[in-house]
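Me: I'd like a close look at one part of this model. Could you take a single helix and walk me through its surroundings?

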Amino acid sequence: QRFLDFAASEVVERKRMKAWRKLWILRAVGHLQGIGDDFSALLVGQILRDLGDLDAESLRTFVPIMVEHGLHKRSGAMQWLNKAYNQKIFCYKTPDLLLRSGLPFVLHDLMKMTTLAAWLG
């Protein structure tokens, strides 16, 4: 338990750690006993601030985790998600990548109409 507390504090205190690394850590330890919901919520909040660092696959993985912790209900969370996805959508050229990256947004009803129109267009 002490090791988990130490590891959690080290991860949270690192300001320069990229969002994709934090997501990797969250996926690796988020299900373990002893890792509190506070740690997961804090990590999800930090990832949300740096959504630009996530690629399509990471973003696809992050959305269900965010919904699971109920953080999509936070003020401004949907705007951050849609803004980040809207900026990335124009870089994706293959239909498969477009579908896979946007599907979690649609399934969890997080995509705004303008983003949905861009996604389908």
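Reply: Here is a walk along helix 4, from its span to its packing and its charged side chains.

Some ground rules: this is a predicted model, where local features need pLDDT of at least 70, side-chain atom pairs count only at pLDDT 80 or more, and totals for chains, interfaces and linings use all residues. Residues are numbered from 1 along each chain as its sequence is written, and side-chain values use heavy atoms, with hydrogens and water left out.

Helix 4 covers residues 56-68 (helices are DSSP runs of H or I, at least four residues, numbered from the N terminus). Its 13 residues reach 19 Å from the first C-alpha to the last, close to the expected 18 Å (1.5 Å times one less than the number of residues). After the helix comes Gly70, with a positive phi near 70°.

Plenty of this helix is tucked away: Ala56, Ser58, Leu59, Thr61, Phe62, Val63, Ile65, Met66 and Val67 are buried (under 20% relative accessible area; exposed is over 50%, partly exposed in between, with a 1.4 Å probe and protein chains only). Those buried residues pack against helix 2 (19-29), helix 3 (37-49), helix 5 (77-89) and helix 6 (95-107).

Now for the core. The largest nonpolar core has 34 residues, and Phe62 and Met66 are among those that touch the most other members (a nonpolar core is a set of buried Ala, Val, Leu, Ile, Met, Phe, Trp, Tyr and Cys residues joined through side-chain atoms within 4.5 Å). Helix 4 gives the most to this core, with seven residues. Leaving aside neighbours within four places in sequence, Phe62 is in contact with Leu23, Val44, Ile47, Leu48, Leu51, Leu54 and Leu81 (contact means heavy atoms within 4.5 Å).

The charged side is worth a look too. Glu57 forms a salt bridge with Arg60, the closest N and O atoms being 2.3 Å apart (the rule asks for a side-chain nitrogen of Lys or Arg within 4 Å of a carboxyl oxygen of Asp or Glu). Both lie in helix 4, three residues apart, about one turn of the helix. Glu57 also bridges to Arg100, at 3.2 Å between the closest N and O atoms. That pair links distant parts of the chain, with Arg100 in helix 6 and Glu57 in helix 4, 43 residues apart. Arg100 in turn meets Asp96 in a salt bridge (3.2 Å, N to O), so Glu57, Arg60, Asp96 and Arg100 are linked in a network of salt bridges. Glu57 is partly exposed at 32% relative accessibility, and Arg100 is partly exposed at 35%.

Conventions
Helix = DSSP H or I, 4+ residues; strand = E, 2+ residues; numbered from the N terminus.
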